[in-house]
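Dear colleague,

Please find below the sequence and the structure for your study. My notes on what was found follow directly after them.

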Amino acid sequence: MEAKQRVLSSVNLELTETWWMAFKDKIGRSWYRFRRNPISLTGASMVLLVILLATLAPYITPYPEAAGGFTDFPNAFQPPGKAHWFGTDAIGRDLFTRVLFGYRISLMLAVVVLSISVPFGVILGLTAGYFGGKIETVIMRITDVFLALPPLVMALAICASFTPTIEVAMLAVASIWWTWHCRLVDSIARSVKTEEFVQASQVIGDNHFRILFKDILPNCASAVIVKITLDAGFVILVGAGLSFLGLGVQPPKPGLGTMISYGSMYLPEKWWMTVFPSFAIFFLILGFNLLGDGLRDMLDVEAGGS
Amino acid sequence: MYSILVLVGLSILIFIIARMLPGNPARLALGPFASGEQVEHLSHKMGMDKPLPLQYWTYITGIFHGDFSLSFQTRRNVRLDIAHYLPATLELVIVAILWVLVIGVPLGVLSARYKDSWLDNVMRVIAFIGVAVPPFVVGLIGQFVFSYGLGIFPTTGRLGLLTPKPPSYTGLFLLDSLIAGEFSVFKDALQHIILPSFAVAMTGIGQITRITRGSMIDVLSKDYIEAAEAFGIPNRYTTFKYALKPSFIPPLTILGLTFASQLSNAFLVETVFAWPGMAKYGVRAILRKDFNAVMGVVLIVGLAFVVVNFIVDMLAGYVDPRIRLKEGEG
């Protein structure tokens with residue numbers, strides 16, 4: 001009895017070791033590919049820069065009060081210059097400050113939306129793909145209903161029922177975003193469940209829960225990670241669109257979309273009010289897209305673009 | 001058949017969300033000065049006091065008779081409003097699809113033919129940028145450069161103030177003016193639509209370029225292309241005659257998705273260009289909580305989506321006999 005256990009544990013140890021080495025090897029190779037890819041490096045540094053700027057916003061800018069409903073009429077409509085890098089708006093708020101704080105809102109939007117919708121979609125997708133049959137039919141038909149409209153229009157329709165705030169916008173976007181992850185994970189789970197290692201787990205009597213999370217989920221991980229990165233840019237884009245239409249971030253909060261919509265009323269004379277927030281949002285979305293594209297090459301997955 | 005079920009599901013979903021609203025739609029319709037009695041009367045007339053499933057049934061059966069219920073903001077049947085606003089949006093999206101096909105496909109073909117050349121790299125950068133710029137920003141840049149700066153295109157609207165509307169056959173000004181033979185109106189409408197349609201098309205151009213490139217590269221490495229090249233058939237024939245048709249199928253199948261993204265772009269771009277379309281109507285309806293209008297717009301957008309996907313499937317079958325055969329066998 002004891003001898004058998006010893007053998008078993010040594011086999012186990014060996015397995016763990018080879019698994020660990022394979023993992024290290026894979027990570028090492030991926031990291032090498034990541035480093036060699038100028039696109040993903042650029043994307044990663046752009047995103048990191050924005051995260052840094054957003055986190056340190058109150059310490060970077062000399063006018064942190066401009067993030068709110070502060071007014072300074074003598075300084076209204078200042079063109080970009082030494083004191084105000086991006087100029088000031090109609091009531092004298094420093095636009096550089098507002099862009100930095102706008103980044104905070106955009107990043108928060110992406111984080112909140114994805115951390116609600118991704119786990120939800122992944123779990124539903126796993127369930128649908130693994131169990132198949134009626135469960136899959138019901139879940140996938142529901143996702144089809146949510147996908148029958150473009151995301152922005154669906155989010156608009158959901159926002160319509162509530163007072164427009166950024167929190168409502170976040171929930172509205174989150175309530176449709178799970179569908180994409182559900183579909184992705186469903187298709188992977190459906191193909192993985194026929195693999196031998198899953199059948200082996202079934203044969204030795206592992207319960208469904210264990211199979212789902214230990215055998216199938218790891219196989220979806222890289223596709224989901226790539227999709228999350230690509231999604232972040234897209235979610236921010238949808239959020240900016242909602243704010244632009246007046247259904248997202250409400251003044252005096254500094255939403256990038258809100259600032260663009262507000263600034264566009266003063267085109268073409270006060271161009272800086274539109275140009276800088278527009279560029280800011282473009283920069284962030286481009287960063288996420290480049291990073292996602294690089295990750296896709298690196299992890300070698302087809303995660304379906306967004 | 002299945003897509004009709006999806007539409008029914010969509011209508012139920014939106015109906016539930018719309019009715020979750022805190023506050024009485026009748027009160028919203030009548031405004032703050034109406035008496036409680038009036039509100040009660042109207043909500044009874046609108047059937048708001050009936051159970052939710054019954055309300056839904058009344059609404060949905062009404063739609064089959066062409067009755068989309070009243071819009072609170074225009075005080076007309078939503079069907080009339082949609083008939084009034086839909087052609088403008090359709091025109092915008094159709095022209096945008098043309099942009100996508102006319103620009104995206106050739107660029108994709110060229111990128112594939114000259115893979116990894118400077119042209120391919122420039123295209124890659126453009127595609128990345130196209131997906132990362134919000135469509136309303138493309139519109140604003142267009143206005144800034146071409147309207148305020150160069151003065152080539154007008155900033156807003158579908159027609160100049162002094163241009164008479166063409167007689168209404170289809171509601172699409174470009175088509176109507178051509179049918180009526182009014183070329184000056186056509187020119188004016190064309191000038192008005194170029195900027196907004198391009199802003200709508202930008203994301204699609206990037207996507208279609210990338211996908212055409214990818215599938216073209218696949219096809220160009222096939223044996224029959226190599227054989228054609230070995231026979232000494234010039235590049236332009238192998239590219240455009242032999243390779244283009246099969247490599248056009250992947251971009252064609254995602255054209256349905258492109259259409260969807262263009263519809264949502266239209267919601268943003270119409271605001272920038274004061275384009276009197278359905279998206280603008282829908283956004284206003286949402287801001288004023290005009291639910292029957294929101295429902296109508298949502299259902300029409302969903303229907304358009306379904307119809308376009310159907311057309312795309314048909315076209316794919318037409319271009320690729322293999323798809324046709326598969327369906328026939330199944």
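Helix 4 of chain A, residues 95–131, has 37 residues; at 1.5 Å a residue it should span 54 Å, and because its end C-alpha atoms are 53 Å apart, the expectation and the model agree. Please bear in mind that this is a predicted model.

Helix 4 of chain A also has a bend of about 25°, located at L114(A). Just after this helix comes G132(A), which takes a positive phi of about 60°.

The partner of this helix is helix 9 of chain A, residues 208–244. The two pack at an angle of about 145°, and their axes are 9 Å apart. Their crossing is right-handed. On the side of helix 4 of chain A, the residues that make the contact include L109(A), V113(A), L114(A) and V118(A); on the side of helix 9 of chain A, they include I216(A), C220(A), V224(A) and D231(A). By class, this contact has 17 nonpolar, two polar and one charged residues. You may notice a rhythm in the numbering of such residues. An α-helix has 3.6 residues a turn, so residues three or four places apart point the same way.

I turn now to chain B. Its secondary structure comes to 16 helices and zero strands. The C-alpha trace of chain B spans about 85 × 55 × 40 Å along its principal axes. Of the 330 residues in chain B, 39% are buried. Among the contacts in chain B with a separation of 6 or more, 69% are between residues 24 or more positions apart.

Helix 4 of chain B, residues 52–64, has 13 residues, and the distance from its first C-alpha to its last is 19 Å, close to the 18 Å expected at 1.5 Å a residue. This helix is followed by G66(B), which has a positive phi near 80°.

Finally, how many residues does each chain bring to the contact between chain A and chain B? Chain B gives 38 residues and chain A gives 35 residues. On the side of chain B that touches chain A, helices 1, 6, 7, 13, 14 and 15 of chain B each supply at least two residues. Helix 1 of chain B gives the most, with eight residues. By class, this side of chain B has 31 nonpolar, six polar and one charged residues.

With kind regards

Notes: Residues are numbered from 1 along each chain as its sequence is written. Chains are lettered from A and ligands numbered from 1 in the order in which they are written. This is a predicted model: local features need pLDDT of at least 70, side-chain atom pairs count only at pLDDT 80 or more; totals for chains, interfaces and linings use all residues. Two residues are in contact if their C-beta atoms, placed from the backbone, lie within 7 Å. Helices (H or I, at least four residues) and strands (E, at least two) are DSSP runs, numbered from the N terminus. Ala, Val, Leu, Ile, Met, Phe, Trp, Tyr, Cys and Pro count as nonpolar, Asp, Glu, Lys and Arg as charged, and the others, Gly among them, as polar. The expected span of a helix is 1.5 Å times one less than its number of residues. The bend at a residue is the angle between axes fitted to the seven residues ending there and the seven starting there. Axes are lines fitted to C-alpha atoms, for helices over the stretch in contact, and angles run from 0 to 180 degrees between N-to-C directions. A crossing is left-handed if the near helix is turned anticlockwise from the far one by less than a right angle, and right-handed if clockwise. A residue is buried if 20 or more other C-beta atoms lie within 10 Å of its own, exposed if 12 or fewer, and partly exposed in between; C-beta atoms are placed from the backbone.
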